[in-house]
Structure formats: structure tokens, C-alpha cells
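Here's a quick tour of one protein model, starting from a single residue and working outward. Have the viewer open as you read.

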Amino acid sequence: MTETSSTSPIEIADTMRWLERAVIGLNLCPFAKAPHVKGQIHYVVSEAKGLEGLRDELIEQLQALAALPVEERETVLLIIPQMLRDFLEFNDFLDEADAVLQELDMEGEFQVASFHPDFQFADTEPDDITNYTNRSPYPTLHLLREESIDRAVEAFPEAEMIYETNIETMEKLGAEGWEKLDVGPH
């Protein structure tokens, strides 16, 4: 696995650009800016060649996240550029990610959120602009601390409104506006 360093691979640079321009820039997640500014987001590029290897990397990253204080590492973005390019296969792997949380007895402590270049919410068409709220340059697993989510929701009492606000933002932006953000892989 490749971790954030001064010689960060293109996948990390692409993911950081997406985070800065789309997630933070469009305020799709009002909770993302603080850990980004504080350097508490850990970026890891998976080098797994198979699902078992990816599962092992997920376990490793969850354990590493659990071992560090939140002030040092609040969250992890596990970027998967070589695998799970098909959204349905990626979506199937999320069941495995949930199983890992269960096996490690980390349910309620951590959760895994998902982002994908072809992300599609249920009951939407593939080109529906609202799907872009969860579209990242590469398949990505976001490892989150439940306590961080709880703190963020306390600070932002109308958290349930984020989804609706994001839909409005994306509909105003449109596909052409998204393209102009230049948040795809380079």
C-alpha cells in the first residue's frame, strides 16, 4: 500500500483534488473541511490484486485507525484504483466490509462509507446528476469513526438536510458544471 508522502502517487493527488473541489468546495459534506485542514485524513492507495488482499488491507487500515488518537487520524480514504471498477462488484464488496467490521468487533465504533466513479443511488438513472455526490475519481472506501460522526451531527443539528441540499447543489451545477470542476482521474 502507498501512504501519503511527499511523493504521493497520482491517485492520492486526484482524490485530494476531488475532496477539495467537490466534497469541500461544493459543501457536499460539511464535516470534511475540518479534518482536511487539520491533516487528519489518511490517504492509502490499495495495491491489492484480489478481494482477499483488499479485505486484508481494509483490516489493516481499520486496526491502524483504531490504534491512533482522533487528533492524529480522524478518518481514512482507502483508494482502490486497480480493482472494483464495476460499480455492482464494488457494491457487493461493501457486504464484505461490513462483515470485517463485525469480525473485528468494531461495529458501532467505525463505519465504511463508499464512493465510486460510477456511483448510482437506487431508483436513479446512471446519468442522474444526484449520483455525483458520491462519485470519486476511483473506487474508495471511507473509514469513519462513529464518535466523529456523532460530534459532527451534534454541531450540525440539521444533518438530515444535507442530502436534500446536495441534490439542489448538484441540480444547479449540472453535468457541465461537474466537468468544469475537473475532479476525475488524471
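## Starting at Ser-136

This is a predicted model, and Ser-136 is our way in. Look for Ser-136 in the loop that links strand E4 (110-115) with strand E5 (140-145). Is Ser-136 buried or exposed? Its relative accessible area comes to 5%, so Ser-136 counts as buried, given that the cut-off for buried is under 20%.

Who sits around it? Leaving out residues up to four places away in sequence, Ser-136 touches Trp-18, Phe-115, His-116 and Pro-117. There's a long-range partner to check as well: Val-23 is 113 residues away along the chain, yet its C-alpha atom is 9.4 Å from that of Ser-136.

## What the side chain does

Two backbone atoms are worth picking out here. The side chain of Ser-136 gets to 3.3 Å from the backbone nitrogen of His-116, a residue that Ser-136 also touches. On top of that, a polar atom of the Ser-136 side chain lies 2.6 Å from the backbone oxygen of Tyr-138.

## Two loop residues with positive phi

Now for a bit of backbone geometry. Most residues other than glycine have a negative phi. Asn-27 isn't a glycine, but its phi is positive, at about 60°. You'll find Asn-27 in the loop between helix H1 (10-24) and helix H2 (33-37), and with a relative accessible area of 46% it is partly exposed.

Asp-105 is another one: it is not a glycine, and its phi is positive, near 55°. Asp-105 belongs to the loop between helix H4 (87-103) and E4. Which side of the cut-off does Asp-105 fall on, buried or exposed? Its relative accessible area is 67%, so it is exposed.

## Zooming out

The protein has six helices and five strands, and reading from the N terminus the order is β-α-α-β-α-β-α-β-β-α-α. Its radius of gyration is 16 Å, which agrees with the value near 16 Å for a compact globule of 186 residues. The C-alpha trace spans about 40 × 35 × 35 Å along its principal axes.

Of the contacts with a separation of 6 or more, 75% are between residues 24 or more positions apart. Buried residues account for 48% of the 186.

## Surface and charge

About 9800 Å² of the protein is exposed, and 49% of that comes from carbon and sulfur atoms. As for charges, there are 13 positive and 39 negative ones, with their mean positions 9 Å apart.

Notes: Residues are numbered from 1 along each chain as its sequence is written. This is a predicted model: local features need pLDDT of at least 70, side-chain atom pairs count only at pLDDT 80 or more; totals for chains, interfaces and linings use all residues. Side-chain values use heavy atoms; hydrogens and water are left out. Helices (H or I, at least four residues) and strands (E, at least two) are DSSP runs, numbered from the N terminus. Buried means under 20% relative accessible area, exposed over 50%, partly exposed in between (1.4 Å probe, protein chains only). Contact means heavy atoms within 4.5 Å. A polar contact is a pair of N or O atoms within 3.5 Å; within protein, one must be able to donate a hydrogen and the other to accept it, and residues adjacent in sequence count only if both atoms are side-chain atoms. The radius of gyration is taken over C-alpha atoms; the globule rule is 2.2 Å times the number of residues to the power 0.38. Accessible areas come from the Shrake-Rupley method with a 1.4 Å probe; for residues, only the protein chains shown count as cover. Lys and Arg count as positive and Asp and Glu as negative; His and the chain ends are not counted. The place of a charge is taken as NZ of Lys, CZ of Arg, CG of Asp or CD of Glu.
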